[in-house]
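Open the model in your viewer and keep the selection box at hand. We will go stop by stop.

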Amino acid sequence: MSQVVIVSGPPGSGKTSVSALLAKADPRGLHLPSDLFYDFPAHPVPPYRAGADAQNTAVIRAVCRAAASFAADGYRVCLDGVFGPWFLPLVAREFEATGTQVAYVLLEVDLEEALARVRQRSGPEMDTMVRTMHAAFQQPAPGLDGHRIATMARTPEAVAQAIDQRLAADALRLDLRSWARADR
């Protein structure tokens with residue numbers, strides 16, 4: 001069955017590596033990195049900055065609609081990005097309107113490992129953003145405990161395998177109806 005698997009978490013948690021592996025493991029797999037959509041505005045606001053709400057909402061809507069379109073065409077879409085619990089009501093409304101089945105994975109990483117991973121690819125200039133986003137993902141998210149997967153000291157392959165096992169058991173399905181009506 002086609003579906004969208006949202007792989008979320010703070011920067012440095014392994015979203016892109018894991019999503020690429022999940023997509024490649026499926027003959028109808030498709031990896032859709034949401035970060036690409038933030039490059040579309042001619043005058044982008046960094047998504048973690050104040051004043052980025054309208055842009056972020058537009059980007060989330062567009063990426064969800066693209067993912068739903070690919071899923072409707074029979075792809076298993078592995079959508080990676082910062083889809084924190086604060087975005088789930090919007091995400092759920094977009095997918096509920098299309099009847100798309102959605103699984104949600106929340107990757108967890110400790111701050112020091114996240115900083116090290118991001119520094120390796122981008123340098124220390126991203127430290128403030130990593131700290132801000134990591135703190136945001138540490139906030140309680142009722143109903144999502146079963147969607148969390150720790151990535152610390154694990155290879156992307158091991159994390160992808162753990163996700164596949166939980167997907168096979170239907171343990172990561174997102175209750176779209178509940179989240180679409182949530183006022184979080």
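The tour starts at the sheet, moves to its central strand and then visits the helices. Keep in mind throughout that this is a predicted model.

**Stop 1: the sheet**

Select the five strands. They form an open sheet, and its order is S2-S3-S1-S4-S5. The pairing is parallel. Now look at the edges. S2 (29–33) and S5 (148–150) stand there with a single partner strand each, so one side of each lacks a neighbour in the sheet. From one strand to the next, the twist averages 25 degrees.

Zoom in on the S5 edge. Add S4, residues 102–108. S4 and S5 are parallel and share three bridges. To find one of them, pick Glu-108: its bridge partner in S5 is Ala-150.

**Stop 2: strand S1**

Select residues 3–8, which make up S1. How many of the six residues of S1 are buried? Six of the six are, so S1 is largely enclosed by the rest of the structure.

Color the strand by face. Side chains in a regular strand alternate between the two faces of the sheet. On one side of S1 sit Gln-3, Val-5 and Val-7. On the other are Val-4, Ile-6 and Ser-8. Both faces are covered.

Next, show the neighbours of S1. Five bridges link S1 with S3 in the parallel sense. Val-7 is a good marker here, with Asp-80 as its bridge partner in S3. Toward S4, S1 again runs parallel, and five bridges join the two. Here, select Val-4 and look opposite, to Val-102 in S4.

Stay on S1 and pick Gln-3. Is its side buried or exposed? Gln-3 has 12% relative accessibility, so it counts as buried; the cut-off is under 20%. Show what it touches. Leaving out residues up to four places away in sequence, the contacts of Gln-3 are Ala-71, Tyr-75, Arg-76, Val-77, Gln-101, Ala-103 and Leu-167.

**Stop 3: helix H2**

Select residues 53–72 for H2. This helix lies across S1, S2 and S3. Against S3 (76–80), H2 runs at about 160 degrees.

Pick Asn-56, which is in H2. Its relative accessibility is 5%, so Asn-56 counts as buried. Which residues does Asn-56 touch, not counting residues up to four places away in sequence? They are Tyr-38, Pro-47 and Phe-87.

**Stop 4: H2 against H3**

Add H3, residues 88–98. Two packed helices are described by the angle between their axes and the distance between the axes. For H2 and H3, the angle is about 30 degrees and the axes are 10 Å apart. That makes the two helices roughly parallel. The crossing is right-handed.

Show the side chains at the contact:

- From H2: Thr-57, Ile-60, Arg-61, Cys-64, Arg-65, Ala-67 and Ala-68.
- From H3: Leu-90, Val-91, Glu-94, Phe-95 and Thr-98.

Color this contact by residue class. Seven residues are nonpolar, two are polar and three are charged.

**Stop 5: the buried residues of H3**

Keep H3 and select Leu-88, Pro-89, Leu-90, Val-91, Ala-92, Glu-94 and Phe-95. These are its buried residues. What do they pack against? The partners are S1, H2, S3, S4 and H7 (176–180).

End just past the helix. Gly-99 follows H3, and its phi is positive, near 75 degrees.

Methods. Residues numbered from 1 in each chain as written. Predicted model: local features only at pLDDT ≥ 70, side-chain atom pairs only at ≥ 80, totals over all residues. Heavy atoms only, no water. Pairing = 2+ DSSP bridges. Helix = DSSP H or I, 4+ residues; strand = E, 2+ residues; numbered from the N terminus. Axes fitted to C-alpha atoms, helices over the stretch in contact; angles between N-to-C directions. Contact = heavy atoms within 4.5 Å. Parallel < 35°, antiparallel > 145°, perpendicular 65-115°, else oblique. Left-handed = near helix turned anticlockwise from the far one by under 90°. Nonpolar A, V, L, I, M, F, W, Y, C, P; charged D, E, K, R; others polar. Buried < 20%, exposed > 50% of the residue type's maximum accessible area, 1.4 Å probe, protein only.
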